[in-house]
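Thanks for making the time, everyone. Please have a look at the model on the screen, and then I will walk you through it.

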Amino acid sequence: MFVRVTPNARVNCIEGLWRGPGGEERLALKVAAPPDKGRANKAVIDLLAGALALPKSRLTLDAGEKDRLKTVAVAGDWREIAAALAAIVAAPEKAAEKGGAG
């Protein structure tokens with residue numbers, strides 16, 4: 001899963017889709033944690049795990065450890081994950097509530 005992260009936000013939330021200058025699409029996340037010693041990366045995993053209703057152990061940061069543009073690997077049934085992601089994109093505020101925004 002491709003995400004774009006804004007650290008030091010007021011609350012943890014999923015904003016919907018972010019479109020890059022080249023037309024790429026990523027899930028836009030905001031996390032309250034600072035980008036210091038992996039805190040923001042941990043917050044990303046926590047937020048996504050909650051929104052997807054998956055254990056944190058099924059998500060790993062694959063790329064972008066020190067970048068806003070990250071790749072998160074999600075282990076499990078791809079159909080269930082795709083359905084959950086579609087629901088998040090359709091209603092990001094619901095996913096943020098489920099994932100424990102704030």
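Val3 has Leu27 as its bridge partner in strand 3, and Val5 is bridged in strand 3 to Leu29. Before going further, I should say that this is a predicted model, in which local features need pLDDT of at least 70 and side-chain atom pairs count only at pLDDT 80 or more, while totals for chains, interfaces and linings use all residues. Residues are numbered from 1 along each chain as its sequence is written, and side-chain values use heavy atoms, with hydrogens and water left out.

When I say strand or helix, I mean a DSSP run, E of at least two residues for a strand and H or I of at least four for a helix, numbered from the N terminus; two strands pair if DSSP finds at least two bridges between them. With that in mind, strand 1 and strand 3 pair in the parallel sense over 4 bridges, whereas strand 1 and strand 5, residues 69-74, pair in the antiparallel sense over 3 bridges, and there Val3 stands opposite Lys70.

Which residues of strand 1 are buried? Val3 and Val5 point to one face and are buried, while Phe2, Arg4 and Thr6 point to the other face and are not, where buried means under 20% relative accessible area with a 1.4 Å probe, counting protein chains only. In a regular strand the side chains alternate between the two faces of the sheet.

Stepping back, the open sheet has 5 strands in the order 2-3-1-5-4, with mixed pairing. Its edge strands are strand 2 and strand 4, residues 59-63, each of which pairs on one side only. Neighbouring strands are turned by 40 degrees against each other on average, direction ignored, with axes being lines fitted to C-alpha atoms, for helices over the stretch in contact, and angles running from 0 to 180 degrees between N-to-C directions.

Helix 1 packs on this sheet and touches strand 1, strand 2, strand 3, strand 4 and strand 5, its direction making about 130 degrees with that of strand 4; contact here means heavy atoms within 4.5 Å. Helix 2, residues 78-90, also packs on the sheet, touching strand 2, strand 3 and strand 5, and its direction makes about 65 degrees with that of strand 3.

Finally, the edge at strand 2: strand 2, residues 13-19, and strand 3, residues 25-30, pair in the antiparallel sense over 6 bridges, with Lys30 as the bridge partner of Cys13. Their hairpin has 5 residues between the strands, and Gly23 takes a positive phi near 90 degrees in it.

Methods
Buried means under 20% relative accessible area, exposed over 50%, partly exposed in between (1.4 Å probe, protein chains only).
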